[in-house]
There are 2 protein chains.
Amino acid sequence: MSRGSVTVIGLGPGDPRLLTVAASEALAQADDLIGYFPYVARVPERPGLVRHATDNRVEVDRARHALELAASGRRVAVVSGGDPGVFAMAAAVFEAVEQGELEWRDLDIVVEPGITAMLAAAARLGAPLGGDFCALSLSDNLKPWDVITARLEAVFRADFVVALYNPISSARPWQLGRALGLAAEFRAGTVPVIFARAVSRPDEAICVLTLDAAREATADMATIVIIGASGTRMIERASGQPFVYTPRSVPR
Amino acid sequence: MSRGSVTVIGLGPGDPRLLTVAASEALAQADDLIGYFPYVARVPERPGLVRHATDNRVEVDRARHALELAASGRRVAVVSGGDPGVFAMAAAVFEAVEQGELEWRDLDIVVEPGITAMLAAAARLGAPLGGDFCALSLSDNLKPWDVITARLEAVFRADFVVALYNPISSARPWQLGRALGLAAEFRAGTVPVIFARAVSRPDEAICVLTLDAAREATADMATIVIIGASGTRMIERASGQPFVYTPRSVPR
């Protein structure tokens, strides 16, 4: 029996041209494809590839399934949007490894990185992540809201650019408003805030607002929100959307 | 005269298989290639491609040169290692745009994202960035050291995973030791710290230490250091290097 493996693959933000060559090669070698159904749907069908599309919020079950298949000798690809290590499947796979069969630890488990949403969004606008920055999930499904607010306050106070993943969902309608309200306690109302939805996909929608205006704006699950630091700047242009960038220097 | 352009391209950590398709296509279309010489050296020569390799630390001169060439009708590729928006050339290009000729604002300027060092390093180890995390440059060439220490203290206190870019150089020998010493004021000495050097290149060297041991370790300019959060865990394995991951959940 051939030795099984699990490759946790980042599909990037959506456009297949934003996959790495290594990620494409790993997809081409898989026997089984496991993931949340919109990500599985991005991978073309081919003979010999068994597809296991699942609903969201069953990450550890999905990870255990992948490890079981690998232990039986299958080459399994677990797919995530963006980068699998950033609020995606890689952590769930290693949680399942640690909690699971001892033999799973010595399976061939590889992570293929991808372009995570904040990098794709930043690239569309200019260089908003040009200084020190944080990535924070606004979901309080897996961590208490008071931890989230303490972290937000720390990084707003210390003047990091802040990328918010999972800013909103139907079950979490008010968290983004609170986060932007907290930002306004530490930053000027003129600081740029980016709402980048479905970057590189056909329904891409990007807007740049001031923090004051952003507090009235809405987002959805497919959006990443990037809150500028005090130094983040907009460059207005005749030909369209402004550029947004954070200078490399912090004045004394 | 054809319309000139500037494409700021992320070459990823080194292995050409970690480039995106879009980045490769942009390199193939360039008339001029501009960048720090080790990055320029990664791009194969071809007829019609003019190479402008420069020394480090002249980022804004390099960016102005790119914009001048584009304004004269050339298609210019500016290359960075990793992702150009993360402590790399994109911010320098937009600084040059803002400070330069007004017409530069309406040039065709595109950023092609890449796999930044922390994502490449994290993928090699497991999922150390599985929770909230920060990316911080430890270089005090462009920001005061007291800003750096205030930021470090904020994110150590708030229990972020911390990725340190530019941890050390011959001109900055002591900053990394200070940063790890500060980490030890907030985190247990058993927390995993990753030193990932030249990920995906022939001279790749990765080690995982405890914070206590890391304080005695050395690094160089090609290294990224990732300091685990309180929840970051190592999974020991019979077959080699431990996995390192940060669980998605934060206990109440």
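Which way does α3(A) pass α4(A), in a right-handed or a left-handed crossing? Keep that in mind while you get your bearings; this is a predicted model, and the tour starts with that helix pair.

**Stop 1: two helices in chain A.** Select residues 59-71 of chain A for α3, then 89-99 of chain A for α4. Their axes come within 8 Å and cross at roughly 65°. Look at the crossing and you have your reply: it is right-handed. Now show side chains. On α3(A), pick A:E59, A:V60, A:R62, A:A63, A:R64 and A:L67; on α4(A), pick A:M89, A:A92, A:V93, A:E95, A:A96 and A:V97. Colour these by type and you get eight nonpolar residues, four charged and no polar ones.

**Stop 2: both chains.** Zoom out and colour by chain. Chain B can be laid on chain A by a turn of 180° with a shift of 0.0 Å along the axis, and the RMSD is 0.0 Å. The two copies are thus related as by a two-fold rotation axis.

**Stop 3: the interface.** Select the residues where the chains touch: 74 of chain B are in contact with 74 of chain A. About 6,200 Å² is buried between the two, with carbon and sulfur atoms giving 59% of that. On the chain B side, highlight B:D132, B:R151 and B:R248, which lose the most area to chain A and together make up 13% of what that side buries. The copies meet through the same surface, since 100% of the interface residues of chain B are also interface residues in chain A.

**Stop 4: a sheet across both chains.** Switch to cartoon and follow the open, ten-stranded sheet from one end to the other: β10(A)-β9(A)-β11(A)-β8(A)-β7(A)-β7(B)-β8(B)-β11(B)-β9(B)-β10(B), with mixed pairing. At the edges you find β10 (205-210) of chain A and β10 (205-210) of chain B, each pairing on one side only. Ignoring direction, neighbouring strands are turned by 15° against each other on average.

For a detail, select 192-197 (β9) and 223-227 (β11) in chain A: these strands pair in the antiparallel sense over five bridges. One to click on is A:R197, whose bridge partner in β11(A) is A:T223.

**Stop 5: the helices on the sheet.** Add α5 of chain A, residues 117-125. This helix packs on the sheet, touching β7, β8, β9, β10 and β11 of chain A as well as β7 of chain B, and its direction makes about 65° with that of β11(A). Finish with α5 of chain B, residues 117-125: that helix lies across β7 of chain A plus β7, β8, β9, β10 and β11 of chain B, running at about 65° to β11(B).

Key. Residues numbered from 1 in each chain as written. Chains lettered and ligands numbered in written order. Predicted model: local features only at pLDDT ≥ 70, side-chain atom pairs only at ≥ 80, totals over all residues. Heavy atoms only, no water. Least-squares fit on C-alpha atoms with pLDDT ≥ 70 in both. Contact = heavy atoms within 4.5 Å. Pairing = 2+ DSSP bridges. Helix = DSSP H or I, 4+ residues; strand = E, 2+ residues; numbered from the N terminus. Axes fitted to C-alpha atoms, helices over the stretch in contact; angles between N-to-C directions. Left-handed = near helix turned anticlockwise from the far one by under 90°. Nonpolar A, V, L, I, M, F, W, Y, C, P; charged D, E, K, R; others polar. Buried area = accessible area lost by both parts, 1.4 Å probe.
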